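Trainee: I would love a close look at one part of this protein, with a little of its surroundings. Could you walk me through a place where helices pack together?

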Amino acid sequence: MMSPLLEWIPTFASIVTVVIVIFLGQYRSNIRLRTIWASSSDTCVSTSDSIREYAEKTSGKWEVHNKGNNEVDMEELKALKQLYYQLHSLEKFPEVLPQAKRLLLSLLKETSEAAQALPEHENILSVQSFSRPGLEEFQRKRDNNIGKKWEQYNLRRKKGGPRELFGDREEAIWWLKQIAPVKYVDGAWLGHIGKVTAPFALRKIMKGAWQILSEELGDGDLGKNHVHLYHKLLETVAPGLPTAEMVDFGHPRHRLDEISVWKSAMAQLLISLFPREFLPEILGFNLHFEAISMDTLKAGKELREVGIDPYYFILHISIDNADCGHSAIAIEVVCEYMDYINRSEGEESAQKAWKRLQAGYLLSLGLPGAVVCPSRRKQMDSSNVILSPTEMEVMRIFKAKAQVVHGIHCSSRVKIGSRSIADWLDPVALESKKWQIGLLNALSCSKYWIRRGDSSKSRFIQELQWNGRMFGSFTQDEYDILRGWIDNLPNISLALEGPDTRQNIDEDNDILSEYPVFQPSPSASFSETSTSPNPATSLFSFESLPPLEIGNHPVVEIFLPLWLSHPCLLQAFVSVPFRTKNKLACTIVKILRAQGGFDIEQECVAGMGEVRRPNSLGLVGIGMNLMAQHSVSLAALPSLKHVLQAWPSEFAVQMLHISIRPMEYKGLLVGMATAFAMMHFIIARAELPLLSAQDQSTLQKIAQRELEGLELCWKELESDRKAYAECCKGYLIARYEIKKGFQS
């Protein structure tokens, strides 16, 4: 049987036609990304009347076919949905971490490449070297640009213009459902930031970023938790839709099939996972994401018009403000981080850090999670689509070669998508950008010819080489451009491919250096090495906790490693936003705020007030003062890893390991945290040679807030007998280890 390639070989004109067809195809994600950027001006630019008339006469060629329903789309969508579910339960699926990192790197590369085509006034790459004034000026221009677009939008509406996000209530509900995957991870990009293994010098920077996360989680008030608010909104308009942590959430019958939304949601989950390795990218992502967007502004207005509560979006308009809100905090955190890098590592390192911050910013910009409603798609025009420099080179090559085949009829029966080659290559239709996008979407499914991201395995490139049937069609320079272009095409499936990840991926990793690191079964060795000589024979209540009795003299080499490591115990409970929409997790948010040195929660959010608040030490800050008081050099021991290298503590390391499994060790972790809170309470009231008077007063307030919250946690666990038993066990284990850190 004649292969599809042989059908295309008879004449040189046919060969060039093949080339044009294949390489005019730009990958879908960048098409959509560029379309989002291009349409952000919220204006419609009409194509010429002659092209419009011609297109209307040729069998409805304006329609974009098979959008989001082709084989490649569905494969990628399935892979994204599966990983989304797995990352909501990471401790059950630690083997996906290598895939997660590869996909993150692929998305960073994709969005950075695409950003080369952005106009300078919208592109953070225009800020070539970091300075606080330069960054603030860039953000000011961006905010002013959004303000002007908002004014133009309101003028259009006052003149009788239609809604621009959705047409009616039914379509608004569709829109709300489609963006659910990204709204259910609101704040996730900061979920793993500020861990106890971070360098001590970054404590203040991490605290500022965590303030944003805390406010995303409602500062521990379930009613103010952003994910909870969105879930309540969906329950009113689309009751019964599964939630983010459920495997059924991604089932095809729910028709949550907008791949751009899933990619955006994945970006937020992925970038959070590796805070040590990708901290600059996380801070850059945060910088863009916390800025106001046109979709948010429009939703606040248009949802009310169709009878749907818009408060979730109105909240984000106000809380993300650039004066005292999340946008202001994000800028401050970036500036403090860059100052730190410049001071500690020098200008060259600071410039590298700035480039990485920009990459994180572009990741958020390039994957905004926006979705265009069906009625809006009919109105969209693509004549102002932006091409990257590489894509423009590809277009230049093929526009020149297209002249060779102008007017030559291609008799091949091979189709690209739903149309024949002759239809796609109609010269008049090809003048339309909208027509080109239809072609590009169809060509992106052509797996027979192109393997995106890997030109060496692309059949078309092989046919251009020696012994290939199209050798000589292109010069070496053109060949190199085309290979480079293919290699830069994003390929989610390729990013997720790799060696067998079922092996213990963390066997060579050190939890003090990497995060997250999962041991196959940390509990067995933990129980063996950390058992109270008088294990619990019965359960006890919070009100009747066995007393914690400690000596008057701390053993620094035992006590200090425990002090600096134990704040890890509850941190992972709030790493995945959707898992915080319950009373236990909300209470833990408040406990973590106390431990981190944040002010007591009040009616309004603290915002920049918390960032500027003096004397806001948390447990780690007090620990640093303890080190100084005992003549331990922070320069010599700049992180927990260095402290544990100087004074090894198996118990501290085991705490770190179980802390990243809050679903499995929920009760154990709450019980252990309770023992340490009791230790704080005792030390704060005792006359021990440990703390200054100010630190003692601070610790007393922290302990009081901890114990109030932990008492509520114990009550929440009462209905789970197994978890409650583990809670009692955890208290006794930690109590035993704490006592070893003191002498009478």
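Mentor: Happily; here is a walk around one helix pair, followed by some other spots in the chain.

A word on the ground rules: this is a predicted model, in which local features need pLDDT of at least 70 and side-chain atom pairs count only at pLDDT 80 or more, while totals for chains, interfaces and linings use all residues. Residues are numbered from 1 along each chain as its sequence is written, and side-chain values use heavy atoms, with hydrogens and water left out.

Let us start with the pair itself. Helix 7 (residues 132-158) and helix 16 (residues 326-345) have axes that come within 10 Å and cross at roughly 155°. Here, helices are DSSP runs of H or I with at least four residues and strands are runs of E with at least two, numbered from the N terminus. The axes are lines fitted to C-alpha atoms over the stretch in contact, with angles from 0 to 180 degrees between N-to-C directions. Helix 7 and helix 16 are therefore roughly antiparallel, a label for angles over 145 degrees, just as those under 35 count as roughly parallel, 65 to 115 as roughly perpendicular and the rest as oblique.

Who does the touching? On helix 7 the contact is made by R132, L135, E136 and Q139, and on helix 16 by S327, I331, E332, V334 and C335; contact means heavy atoms within 4.5 Å. Sorted by class, this contact has four nonpolar, two polar and three charged residues. Nonpolar covers Ala, Val, Leu, Ile, Met, Phe, Trp, Tyr, Cys and Pro, charged covers Asp, Glu, Lys and Arg, and the others, Gly among them, are polar.

E332 leads us onward, since V611 touches E332 along with K204, G208 and I329, leaving aside residues up to four places away in sequence. V611 belongs to helix 28 (residues 608-612) and is buried, with a relative accessible area of 18%. Buried means under 20% relative accessible area, exposed over 50%, and partly exposed in between, using a 1.4 Å probe and protein chains only. V611 and A209 are 402 residues apart in sequence, yet their C-alpha atoms are 9.3 Å apart in space.

For the wider setting, the protein chain has 34 helices and four strands, and 57% of its 744 residues count as buried. Among contacts between residues at least 6 apart in sequence, 80% join residues at least 24 apart.

A second helix pair is worth setting beside the first. The axes of helix 26 (residues 556-565) and helix 31 (residues 650-659) come within 9 Å and cross at roughly 10°, and these two helices are therefore roughly parallel. P561, L562 and S565 of helix 26 meet F651, A652 and M655 of helix 31. That contact divides into five nonpolar, one polar and no charged residues.

Finally, look at two loop residues. Most residues other than glycine have a negative phi. R255 is not a glycine but has a positive phi of about 55°; R255 sits in the loop between helix 11 (226-237) and helix 12 (259-272) and is exposed, with a relative accessible area of 64%. S631 also has a positive phi, near 60°. S631 lies in the loop between helix 29 (619-629) and helix 30 (640-646), and is exposed at 69% relative accessible area.
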